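The following note comments on the architecture of the structure shown below. The points are numbered so that each may be checked against the coordinates.

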Amino acid sequence: MSRSIYSGPVFEMARQQFVRVADHLQIHEMDRDRLLYPKRAIAVSCPIHRDDGRTEVFQGYRVQHHLTLGPTKGGTRFAPSVDIGEVAALAIWMSWKCALAGLPYGGAKGGITVDPYKLSPRELEALSRRYMQEMIPFVGPHTDVMAPDMGTNEQVMAWFMDTYSMYQGQTVNEIVTGKPISAGGTLGRREATGRGVAYLVGRALEHLGIPAGDATAIIQGFGNVGSIAAYSLAERGVKIIGVSDHTAAYYDPAALDVAELKGHITRCGQLAGFSSQSLIEPSELLVQKCDILVPAAIERVITGENATHLKCRILAEGANGPTTPEADSILHERGDEIFVLPDILCNAGGVIVSYFEWVQDLQRLFWEEAEVFDRLYRILERSFQQTITRARRERIPHRMAAMAIGVNVVQSAKRTRGLFP
Ligand code: NAD
């Protein structure tokens, strides 16, 4: 396909990554478009009444990448950057991620182009409900299941679930995941992505022979993924020496106090104002010396410009798409210097526990927290082993190995089923 509606920097990144893997797997040209281009894309207008009496229309999207393995699954992002290309790229990455973890889903993603921090709670509720209402014809517990992502949270998922349910005339918990427990959520979902990141970092440290108690970490993004990754790493004995969010970045080689950071976030809702002593330029934070670097905010922050200057031993991608293909090439040239935990492996804890939530909702049978994490770590362990084994055997980077496993799964299902899904 030479032209598509998805053109843009984030989609181009997902496309380039796919082409590299397709070349490695020698996938026939004829089969590539079917694997890469989304099955469906939906664009909707969401009008709401603002608090000042104006009516404003926001643009919303949902992209369903493939229907070959089951329903589609993926988060909903509220951010100013959201466009159809970004959403499509995130849906494609979800497909490879679900396939690597062995989940019976295709990838999806959705979002609204909006700065959620500039909406009042009433406006946020109106916009969330309106988005779900517009999506009702296209989603369903066996069609497409939403979840949280950047700028959305448990409360937004509860509004989605309630709006869908009221249109059906009955409660349909299984329409979204990442809900509060009181609305049919599962124990462990809130912590799943961050704790999954910490589990895999622990495995990478063991692999490299670095004791967790001697290791230091820098974390970009202090939302759901970044903050929980920070607490979980600190629990394992890792010293947190740098953190940032969209308002400020802090760095202290002697260690930042995670409990104090947590208290500040609870009080102020953002990192700005935490301390004047350890402030650092946000762009400088990523290139400070540390053992573990966790990008857990936005895409394309490890680039051709800064990849040469990274001074970490482990790059643990909590965010989706933090590393550009140019940076990937540089990291590969640096050989064994940096152990990469690629996004589709590293942050898979979120979708894995979302899958558990969907299964529990469908069965109306809820698990203990210990069972959730035991099952989560078993799946992450299997994916970690498969990825490093394949990378070693085929002498390819971890990202290519993880993607190759995912692409192979989707490709073989498409081959078996035929052209429709
Ligand atoms: P969130 O909205 O809870 O937090 C995002 C954080 O990033 C906030 O602290 C925000 O201030 C910060 N941020 C935004 N722009 C920044 C910038 N330019 N520099 C530094 N910090 C910045 O979102 P989240 O759910 O934690 O998601 C973060 C990333 O993890 C996204 O890439 C998302 O797709 C990915 N992810 C999330 C989940 C999940 O379960 N929530 C699962 C898998 C992957």
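1. Two strands are treated here as paired if DSSP finds at least two bridges between them. By this criterion, an open sheet of six strands is present, with the order β8-β7-β6-β9-β10-β11 and mixed pairing. Its edge strands are β8 (249–251) and β11 (339–341), each of which pairs on one side only. Between neighbouring strands of this sheet the average turn is 15°, direction ignored. It should be kept in mind throughout that the model is predicted.

2. Within the six-stranded sheet, strand β9 (residues 292–295) and strand β10 (residues 314–316) run parallel and are joined by two bridges. The register can be checked at L293, whose bridge partner in β10 is L315.

3. The chain is divided into domain 1 (9–170) and domain 2 (191–347). The C-alpha centres of domain 1 and domain 2 are 26 Å apart. Contact between them involves 17 residues of domain 1 and 17 residues of domain 2.

4. A further open sheet has five strands in the order β1-β2-β4-β3-β5, again with mixed pairing. Which strands stand at its edges? They are β1 (40–49) and β5 (144–148); each has a single partner strand, so one side of each is left without a neighbour in the sheet. Neighbouring strands of this five-stranded sheet are turned against each other by 25° on average, direction ignored.

5. The pairing of β5 deserves a separate remark. Strand β3 (residues 72–79) runs parallel to β5, and five bridges join the two. Among the positions to inspect is G75, which stands opposite A147 in β5.

6. Two helices should be considered together with the five-stranded sheet. Helix α4 (residues 121–135) packs on the sheet and touches β1, β2, β3, β4 and β5, its direction making about 140° with that of β1. Helix α3 (residues 84–101) lies across β1, β2 (55–64), β3 and β4 (106–113), and runs at about 155° to β4.

7. Helix α4 also packs against helix α5 (residues 154–168), at an angle of about 45° and with the axes 9 Å apart. The two helices are therefore oblique to each other, and their crossing is right-handed. On the α4 side the contact is made by P121, L124, E125, S128, R129, Y131, M132 and Q133; α5 contributes V156, W159, F160, D162, T163, Y164 and Y167. The residues of this contact of α4 with α5 comprise nine nonpolar, three polar and three charged.

8. What is the relative orientation of α6 and α12? The axes of helix α6 (residues 189–208) and helix α12 (residues 349–363) come within 7 Å and cross at roughly 150°. Angles over 145 degrees count as roughly antiparallel, and α6 and α12 are therefore roughly antiparallel to each other. The crossing of α6 past α12 is right-handed.

9. The residues at the α6 and α12 contact can be listed in full. R189, A192 and T193 in α6 meet G349, G350, V353, S354 and E357 in α12. By class, the residues of the contact of α6 with α12 divide into two nonpolar, four polar and two charged.

Technical notes: Residues are numbered from 1 along each chain as its sequence is written. This is a predicted model: local features need pLDDT of at least 70, side-chain atom pairs count only at pLDDT 80 or more; totals for chains, interfaces and linings use all residues. Side-chain values use heavy atoms; hydrogens and water are left out. Helices (H or I, at least four residues) and strands (E, at least two) are DSSP runs, numbered from the N terminus. Axes are lines fitted to C-alpha atoms, for helices over the stretch in contact, and angles run from 0 to 180 degrees between N-to-C directions. Contact means heavy atoms within 4.5 Å. Angles under 35 degrees count as roughly parallel, over 145 as roughly antiparallel, 65 to 115 as roughly perpendicular and the rest as oblique. A crossing is left-handed if the near helix is turned anticlockwise from the far one by less than a right angle, and right-handed if clockwise. Ala, Val, Leu, Ile, Met, Phe, Trp, Tyr, Cys and Pro count as nonpolar, Asp, Glu, Lys and Arg as charged, and the others, Gly among them, as polar. Domain bounds come from an automatic or database domain assignment.
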